[in-house]
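User: I would like to learn how to read the inside of a protein model. Can you take me through burial, packing and empty space?

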Amino acid sequence: MIKYIGSKRALVPLIQAVAERLPIRSAADLFAGTTRAGQAFRRAGCRVVSNDVATYSEALGQAYIAADERLDREGLRALLARLGALPGRAGYVTRTFCEQARFFSAENGARIDVIRDAIAQAGAPEPLRGCLLTSLLEAADRVDSTCGLQMAYLKRPAPRSLRPLELREPAPVAGPPGEVTRRDANALARELDGVDCAYLDPPYNGHSYFSNYHVWETLVRWDDPPAYGVARKRADCRTTRSAYNRAREAWEALSDLVGALTTPWIVASVSDEGFHDPADVAALLAERGHVAALAIDSPRYVGARIGIHNPAGERVGTVSHVRNLEYLIVSGPDRVAVDAVFGGAPAPVLSAAGPPRR
């Protein structure tokens, strides 16, 4: 899987355990990102709706949520081998992300260019196309030169960026196949009749995932967008921003989402360093049913731990903290099931101490 801030990698075992303990057979992951949480629900036996507005998330969803035993994996491996053997040919990625910026080596950039062109020309149906794009995304991620965000690149090339690009087959995920959508979460929430559970992990601060992972968005869209700035971000990064990224609008958006859901069960992930106090989110979910919550201590993403530097790469500030708490909050109609969901683990009491953060 690609490096991704907020990917829930550390929470995946707990999310899967929660899904296995709840009386649910289907789940909607409304802010799917890398699909890690959706994969946990799938492994727990749920039929998953994987949704995100990001085009790269749609590709990952085809590979990890939609693909099942009907996919010809022998044919996929043969196609990946042919793509991986293509000689590099410089194009948009080389020009934009290797020469104008330094996200990849020129050699790997040229190989990304030729492989992506070949995928476009192949016209493969889903989920095969999603598997090919996922393989390329993950291969590019393994040889990039960032700290996990694409707002900047490292001053000196990361050692991994000097390794050759290698395409690998996306691993199959056990469980029933699901569906993949690219919709506004608040709109889709109104159309989930028959889905048992919604998993909510919306953006929690002012940093847009669209901008944070603009390279992946371009690599999947393959639309040659005009670019700007040192990081050569897509021009539409200037205009693409969610209400969840605006402090004054985020609570209203979340309240509308929770109110629109028809799913009897809700599982939400909430960081203690975002716009919303976890206690406020627990209180909001308590309007829908019984609530339990568990706090998980986690390291902050690597970019927040290496310190504050100026454009010359000189340290100019100190990091205030290197760990944060992530809350997993469960809400549902059955008090007994809610109480049992964390398997007896000590759950902190969340009580709102004032108005929601704005």
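Analyst: We will go from the whole chain to single helices, then cores, single residues and cavities. Keep in mind that this is a predicted model.

User: How many helices and strands does the protein chain have?

Analyst: There are 14 helices and 11 strands.

User: What share of the residues counts as buried?

Analyst: Buried means under 20% relative accessible area. Of the 358 residues of the protein chain, 54% meet that mark. The accessible surface comes to about 15800 Å². Carbon and sulfur atoms hold 52% of that surface.

User: How do I read contacts by their separation in sequence?

Analyst: Take the contacts with a separation of 6 or more. In this chain, 76% of them join residues 24 or more positions apart.

User: Why is helix α5 described as largely enclosed?

Analyst: Count its buried residues. In α5, residues 92-99, 6 of the 8 are buried, so the rest of the structure largely encloses this helix. The buried ones are Tyr92, Val93, Thr94, Thr96, Phe97 and Cys98. They pack against α6 (106-122), α10 (214-221) and β5 (227-228).

User: And why does α10 count as largely enclosed?

Analyst: The reasoning runs along similar lines. In α10, 7 of the 8 residues are buried, so this helix too is largely enclosed by the rest of the structure. The buried residues are His214, Val215, Trp216, Glu217, Thr218, Leu219 and Val220. Their cover includes α3, α5, α6, α7, α9 (209-212) and β6 (233-234).

User: What follows α10?

Analyst: Trp222 does, and its phi is positive, near 55°.

User: Which residues touch the most other members of the largest nonpolar core?

Analyst: A core is read as a network of buried nonpolar side chains that touch. Here the largest one has 46 residues, and Phe104 and Trp216 touch the most other members. Two or more residues come from each of α3 (55-66), α4 (73-84), α5, α6, α7 and α10. The largest share, 7 residues, is from α7.

User: Is there one core or a second, separate one?

Analyst: There is a second, separate core of 29 residues. Among them are Phe31, Val49, Ala198 and Val258.

User: Back to Trp216. Which residues is it in contact with, beyond its sequence neighbours?

Analyst: Leave aside the neighbours within four places in sequence. Trp216 then contacts Ile2, Tyr56, Phe104, Leu137, Ala140, Asp141 and Gln150.

User: Now single residues. Is Cys131 buried or exposed?

Analyst: Cys131 is buried, with a relative accessible area of 0%. It lies in helix α7, residues 128-142. Not counting residues up to four places away in sequence, Cys131 touches Ala63, Ala67, Leu71, Leu76 and Pro170. Now compare sequence with space: Cys131 and Ala171 are 40 residues apart in sequence and 9.5 Å apart, C-alpha to C-alpha.

User: Is Ser57 buried or exposed?

Analyst: Ser57 counts as buried, at 2% relative accessibility. Its place is in helix α3. Beyond four places in sequence, Ser57 touches Ala32, Gly33, Thr35 and Asp52.

User: What about Arg248, buried or exposed?

Analyst: Exposed means over 50% relative accessible area. Arg248 has 77% relative accessibility, so it counts as exposed. This residue is found in helix α11. Arg248 and Phe275 are 27 residues apart in sequence and 9.2 Å apart in space, C-alpha to C-alpha.

User: How do I find empty space inside a model?

Analyst: Rolling a probe the size of a water molecule over the atoms shows where empty space is left. This structure holds 2 cavities of 30 Å³ or more. The largest has about 150 Å³ of space. It is lined by 19 residues, and the closest to its centre are Pro202, Leu254, Ser269, Val270 and His276.

User: Which elements supply the lining of the largest cavity?

Analyst: At least two residues each come from α11 (247-260), β7 (265-271) and α12 (278-286). The largest share, 4 residues, comes from β7. By type, the lining divides into 12 nonpolar, 4 polar and 3 charged residues.

User: And which residues line the second largest cavity?

Analyst: They are Lys3, Asp141, Asp144, Thr146, Gly148, Leu149, Gln150, Tyr213 and Trp216. The volume is about 30 Å³. The lining divides into 3 nonpolar, 3 polar and 3 charged residues.

How values were computed:
Residues numbered from 1 in each chain as written. Predicted model: local features only at pLDDT ≥ 70, side-chain atom pairs only at ≥ 80, totals over all residues. Heavy atoms only, no water. 1 Å grid on protein atoms, 1.4 Å probe; cavity = no way out; pocket = protein on both sides within 12 Å on 5 of 7 lines; lining within 4 Å. Points joined across faces, edges and corners; volume = space filled by probe spheres on them. Nonpolar A, V, L, I, M, F, W, Y, C, P; charged D, E, K, R; others polar. Buried < 20%, exposed > 50% of the residue type's maximum accessible area, 1.4 Å probe, protein only. Contact = heavy atoms within 4.5 Å. Core = buried A, V, L, I, M, F, W, Y, C linked by side-chain atoms within 4.5 Å. Areas by Shrake-Rupley, 256 points an atom, 1.4 Å probe, with all protein chains shown as cover.
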